[in-house]
Amino acid sequence: MKFGKVKNWLTEKNLSGLNYNQKLSIIDNESLTKRLESEPNNNFRVHVISQKIIHKKRFFKKYLAQFSGYNIERKVKLTCEKYPIIFAKSYIPIRHCYGKESFIRILKNKSLGKYLLKSSRFKKELIRYEIDNEYIHRIIIYKHKLKRIIVDEMFSNDFSLKSISLVKARNKF
């Protein structure tokens with residue numbers, strides 16, 4: 001996503017109830033895995049809750065319609081010592097699980113972002129932010145040619161990175 005586009009700022013409007021540091025922590029463009037691993041003495045771990053093939057007739061949001069059908073649904077819990085637990089759900093349509101993306105089947109306790117999304121092939125196509133009673137959701141659709149992957153990162157309502165600045169949060173464009 002390119003910095004400065006009005007639509008990017010409009011999607012962040014949903015975060016208006018957060019304090020400045022929380023907002024920067026949620027809009028951070030750095031890989032979440034990379035950011036958490038870079039913290040010294042943080043003991044970052046990925047725990048797979050489940051990984052299975054599911055069939056979704058419809059997703060609850062229009063912008064997720066392209067994910068209808070059979071998907072690999074992966075739910076993980078990210079734990080570390082300095083921050084509250086972060087949950088993440090990802091969906092990869094079965095029709096896109098070939099080539100390098102077939103690697104998801106054997107990821108186990110490895111981060112999806114570190115092994116699949118870190119390549120320069122996948123780019124962020126869309127980001128949405130939503131807040132509910134329990135979590136702040138950062139929903140990202142990654143795209144490479146016709147392939148798409150959706151990731152829903154769920155942060156606790158008090159999540160805030162300790163050392164984040166506007167420059168760090170907006171760094172990767």
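## Two residues with positive phi

Asparagine 41 is exposed in this predicted model, because its relative accessibility of 69% lies over the 50% cut-off. The residue is found in the loop between H3 and E1. Asparagine 41 is not a glycine, yet its phi is positive, at about 55°. Most residues other than glycine have a negative phi.

Lysine 145 also has a positive phi of about 55°, and it is not a glycine either. Its place is the loop between E5 and E6. With a relative accessibility of 67%, lysine 145 counts as exposed.

## Overall layout

The chain has 173 residues, and 46% of them are buried. Its secondary structure consists of five helices and six strands. In sequence order, these elements follow the pattern α-α-α-β-β-β-α-β-β-β-α.

## Strands E4 and E5

How do E4 and E5 run, and how many bridges join them? The two strands are antiparallel, and eight bridges join them. The connection from E4 to E5 is a hairpin of three residues. As one example of the pairing, glutamate 130 has histidine 137 in E5 as its bridge partner. In a regular strand, side chains alternate between the two faces of the sheet.

A salt bridge also links this pair of strands. Lysine 143 and glutamate 125 form it, with their closest N and O atoms 4.0 Å apart. Lysine 143 belongs to strand E5 and glutamate 125 to strand E4 (residues 123-131), and the two are 18 residues apart. Glutamate 125 is partly exposed, at 32% relative accessibility, and lysine 143 is partly exposed too, with a relative accessible area of 33%. Both values fall between the 20% and 50% cut-offs, so neither residue counts as buried or exposed. Through shared partners, salt bridges join Glu125, Lys143 and Arg148 into one network.

## Other salt bridges

The structure contains five salt bridges. Side chains of opposite charge can pair when their charged atoms come close. One of the five joins arginine 35 to aspartate 28, where the closest N and O atoms are 2.6 Å apart. Both arginine 35 and aspartate 28 are buried.

Another salt bridge connects lysine 82 with glutamate 39, at 3.6 Å between the closest N and O atoms. This pair links distant parts of the chain, 43 residues apart: lysine 82 is in the loop between E2 and E3, while glutamate 39 is in the loop between helix H3 (32-38) and strand E1 (45-56). Are these two partners buried or exposed? Glutamate 39 has a relative accessible area of 15%, which is under 20%, so it is buried. Lysine 82, at 29%, is partly exposed.

## Aromatic pairs

Three aromatic pairs are found in the whole structure. Tyrosine 83 and phenylalanine 159 form a tilted pair, with 5.7 Å from centre to centre and 50° between the planes. The two residues are 76 residues apart: tyrosine 83 lies in the loop between strand E2 (69-79) and strand E3 (86-93), and phenylalanine 159 in the loop between strand E6 (147-156) and helix H5 (166-169). Both tyrosine 83 and phenylalanine 159 are buried.

Phenylalanine 87 and tyrosine 135 form an edge-to-face pair, 6.0 Å centre to centre with 80° between the planes. Phenylalanine 87 is in strand E3 and tyrosine 135 in strand E5 (residues 135-144), so this pair ties together parts 48 residues apart in sequence. Phenylalanine 87 is partly exposed, at 23% relative accessibility. Elsewhere, ring pairs link Tyr83, Phe155 and Phe159 into a cluster.

## Cavities

The count gives two cavities of 30 Å³ or more. The volume of the second largest cavity is about 40 Å³. Which residues line the second largest cavity? They are Ser25, Asp28, Glu30, Leu32, Arg35, Arg138, Phe155, Phe159 and Leu161.

This lining divides into four nonpolar, one polar and four charged residues. Among the lining residues are Asp28 and Arg35, the partners in the salt bridge with closest N and O atoms 2.6 Å apart. The lining also includes Phe155 and Phe159, which belong to the ring cluster with Tyr83.

Notes. Residues numbered from 1 in each chain as written. Predicted model: local features only at pLDDT ≥ 70, side-chain atom pairs only at ≥ 80, totals over all residues. Heavy atoms only, no water. 1 Å grid on protein atoms, 1.4 Å probe; cavity = no way out; pocket = protein on both sides within 12 Å on 5 of 7 lines; lining within 4 Å. Points joined across faces, edges and corners; volume = space filled by probe spheres on them. Nonpolar A, V, L, I, M, F, W, Y, C, P; charged D, E, K, R; others polar. Phe/Tyr/Trp six-rings, centres within 6.5 Å; stacked < 30°, edge-to-face > 60°. Helix = DSSP H or I, 4+ residues; strand = E, 2+ residues; numbered from the N terminus. Buried < 20%, exposed > 50% of the residue type's maximum accessible area, 1.4 Å probe, protein only. Salt bridge = Lys/Arg side-chain N within 4 Å of Asp/Glu carboxyl O. Pairing = 2+ DSSP bridges.
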